[in-house]
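Let us walk through this structure together, starting with the overall picture and then stopping at a few places inside it. Please keep the sequence at hand as you read.

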Amino acid sequence: MAIEGMQRIANEEGDFVGDPIDSQAELFRLQLITREFPPAGAHIAMAGRASNGAHYFCKNDTTGIPARMREALYSKFITHLGIPTPEFAAVEDEGTGETYFGSKRHQSTADDIERKRFLRTERRDEFNCHLPFPKKMLSQLYAVDLFIGNVDRSASNIILHREGLHSRRLCPIDFTLAKLGETPAEIFPVESTETVQVGRLLRKVHGFCDVSALEMVDHISVIPPEVFMGFFRDIPQDWIDVREREALNELWYGQGRHDRLQRLRVGLKDGRLL
């Protein structure tokens, strides 16, 4: 079945409705049962099956980046904004006591082929206009990635996530290189980054909805600081980079967030960030 026929999160206009994927409110812990070589991915430590029987791609902080914190924080953030992500959990290795950020996956070559075909195939209606889905969703995602300073939105970081036998969703993953906490308000991912290059390619195929992108900016602007900082509450303490959390706290409670959002609005409207 084609992906666009199974988008329960999008109404016929392409706007998100209701809850996306049911990511848990708490980052509960699972035990790692099997350990496998990781798939391609610079920040993936291993893959494995957890005590709940599901398969997870696991990340740690061995590269010196607070990957676990960023993955948990921005997965919660983007889900709050209505963009679906796979379920996630803290996955613990009983042998070493180390915990990983685990992103639930369904490994399937067929799904990967379908994802690539969908992202690469232009779809238009009888009036030769791009279809609302995935145009609006990708436009919203691009705005979020620019806001959080994510420089690594490659096409492989938008996955096809299966739910049961007949339902699939396009979900963004990988927020390890989201640098909001260490990025000045006026700096956004530059042209040479994956985020900008891949965004440009996807716009050629699926179009761009500036209204949806700007609505997402407005959505971010009204999130209370205590809600955003509350996303840290269920993240394991040993994952948290205190310095980065303090920088995010200052940005969200101060003027920095509003300055960044205003620059983002201007850049999307005049095309400098496209």
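A residue counts as buried under 20% relative accessible area, as exposed over 50%, and as partly exposed in between, using a 1.4 Å probe and protein chains only. With that scale, L201 counts as exposed at 54% relative accessibility. L201 lies in helix α4, and its C-alpha atom is separated by 9.8 Å from that of L119, 82 residues apart along the chain.

Before going further, a word on the ground rules: this is a predicted model, in which local features need pLDDT of at least 70 and side-chain atom pairs count only at pLDDT 80 or more, while totals for chains, interfaces and linings use all residues. Residues are numbered from 1 along each chain as its sequence is written, and side-chain values use heavy atoms, with hydrogens and water left out.

Now for the chain as a whole. The protein chain has eight helices and seven strands; these are DSSP runs numbered from the N terminus, with helices being H or I of at least four residues and strands being E of at least two. Of its 274 residues, 55% count as buried. The accessible surface of the protein chain comes to about 12600 Å², and 50% of that belongs to carbon and sulfur atoms; such areas come from the Shrake-Rupley method with a 1.4 Å probe, and for residues only the protein chains shown count as cover. Contact means heavy atoms within 4.5 Å. Among contacts between residues at least 6 apart in sequence, 72% join residues at least 24 apart.

A good place to step inside is strand β4, where A90 is found. A90 counts as buried, at 0% relative accessibility. Leaving aside neighbours within four places in sequence, A90 is in contact with L27, F28, R29, L30, Y100 and W239. The C-alpha atoms of A90 and C58, which are 32 residues apart along the chain, are separated by 8.9 Å.

Just before this strand comes the loop between α1 (67-80) and β4 (88-92), and T85 has its place there. Is T85 buried or exposed? T85 is buried, because its relative accessible area is 1%, a value under the 20% limit. The side chain of T85 makes a polar contact with the side chain of T79, at 3.0 Å. A polar contact here is a pair of N or O atoms within 3.5 Å; within protein, one must be able to donate a hydrogen and the other to accept it, and residues adjacent in sequence count only if both atoms are side-chain atoms.

Next, have a look at the backbone. N128, in the loop between α2 (109-120) and α3, has a positive phi of about 65 degrees although it is not a glycine. D174 also is not a glycine, and has a positive phi of about 70 degrees; D174 lies in the loop between β7 (167-172) and α4 (194-206). As for their surroundings, N128 counts as exposed at 53% relative accessibility, whereas D174 is buried with a relative accessible area of 13%. A cis peptide bond joins F133 and P134, with omega about 10 degrees, and P134 is found in helix α3 (residues 132-147).

Helix α3 also holds A143, which is buried with a relative accessible area of 1%. Apart from neighbours within four places in sequence, A143 is in contact with A213, M216, V217, L264 and L268. The C-alpha atoms of A143 and L264 are separated by 7.9 Å, although these residues are 121 apart along the chain.

That leads us to a helix pair. How do α5 and α8 run relative to each other? Helix α5 (residues 210-221) and helix α8 (residues 256-270) pack at an angle of about 175 degrees, with their axes 10 Å apart. Axes are lines fitted to C-alpha atoms, for helices over the stretch in contact, and angles run from 0 to 180 degrees between N-to-C directions. The two helices are therefore roughly antiparallel to each other, since angles over 145 degrees count that way, while those under 35 count as roughly parallel, 65 to 115 as roughly perpendicular and the rest as oblique.

Where they meet, residues of α5 including A213, L214 and V217 face residues of α8 including R257, L261 and L264.
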